[in-house]
Amino acid sequence: MNYLIILLLSIFSCNTEVPTQFSEGALNDTFITLDGDNIAFKDILETHKGKTIVIDIWASWCKDCIKGMPKVKTLQSEYKDVVYMFLSLDKSQEAWKKGIKKYNVEGTHYFMQSGWKGAFGKFVNLDWIPRYMVINKAGNIELFKAIKADDIKLIQAIKK
């Protein structure tokens with residue numbers, strides 16, 4: 001009986017609500033463009049307003065990220081009207097740019113200068129890469145977390 005009480009308490013006491021909007025901190029976090037300019041995340045989102053966005057948080061040193069790239073390319077070939085945004089956690093901008101070329105990563109690219117512990121990383125509870133998110137045409141977070149590019153939840157979120 002005690003186990004049942006503990007189980008019920010743990011289920012109902014956890015905040016399992018998944019955010020549908022980015023926090024002010026995440027929106028104001030700054031990224032670096034391929035041209036070397038700083039840009040706030042909210043301005044990145046504004047550029048793609050009205051479109052479905054797949055966010056891929058990755059790094060060129062990450063084996064799982066590289067293994068997942070063919071699956072991302074499959075998504076890109078099947079869902080062409082979607083924006084594919086790659087947010088890099090590479091150790092340097094030079095490594096980031098080399099990784100894009102080496103792995104022929106096509107999409108929009110930004111360097112996460114604030115890293116894992118910045119406002120954006122904290123908001124998305126970044127604990128593993130690759131990390132995929134889907135932003136719907138209304139600008140809401142449709143899918144908060146997937147770690148595989150062929151996750152059925154990711155595909156369903158794109159189709160909505």
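# Close-up views of salt bridges and a disulfide

**View A. Lys-71 is partly exposed, with a relative accessible area of 34%.** Please keep in mind while looking that this is a predicted model. The view centres on the salt bridge that joins the side chains of Asp-150 and Lys-71, at 3.6 Å from N to O. Asp-150 sits in the loop between strand S7 (141-146) and helix H7 (152-159), while Lys-71 belongs to helix H4 (residues 63-78), so this pair ties together parts that are 79 residues apart in sequence. Asp-150 is partly exposed, its relative accessible area being 41%. If you would like the background to this kind of contact, side chains of opposite charge can pair when their charged atoms come close.

**View B. Glu-94 and Lys-98 form a salt bridge within helix H5.** Here the closest N and O atoms of Glu-94 and Lys-98 are 3.3 Å apart. Helix H5 spans residues 93-102, and the two partners are four residues apart in it, about one turn of the helix. Is Glu-94 buried or exposed? Glu-94 is exposed, because its relative accessible area of 54% is over the 50% cut-off. Lys-98 is exposed too, with a relative accessible area of 54%.

**View C. Glu-142 and Lys-160 meet in a salt bridge through their side chains.** The N to O distance for Glu-142 and Lys-160 is 3.2 Å. Glu-142 lies in strand S7 and Lys-160 in the segment after H7, so the pair ties together parts that are 18 residues apart in sequence. The two partners fall into separate accessibility classes: Glu-142 is partly exposed at 26% relative accessible area, whereas Lys-160 counts as exposed at 65%. Views A to C show some of the salt bridges in the model, where the count comes to five.

**View D. Cys-62 and Cys-65 form a disulfide.** How many disulfides does a search of the whole structure find? The search finds one. The sulfur atoms of Cys-62 and Cys-65 are 2.5 Å apart. The link of Cys-62 and Cys-65 is right-handed, with 80° about the S-S bond. Are these cysteines buried or exposed? Cys-62 counts as buried because its relative accessibility of 6% is under the 20% cut-off, and Cys-65 counts as buried as well, at 1%. For a contrast, look back at View B, where Glu-94 is exposed and Lys-98 is exposed.

Key:
Residues numbered from 1 in each chain as written. Predicted model: local features only at pLDDT ≥ 70, side-chain atom pairs only at ≥ 80, totals over all residues. Heavy atoms only, no water. Salt bridge = Lys/Arg side-chain N within 4 Å of Asp/Glu carboxyl O. Helix = DSSP H or I, 4+ residues; strand = E, 2+ residues; numbered from the N terminus. Buried < 20%, exposed > 50% of the residue type's maximum accessible area, 1.4 Å probe, protein only. Disulfide = S-S within 2.5 Å.
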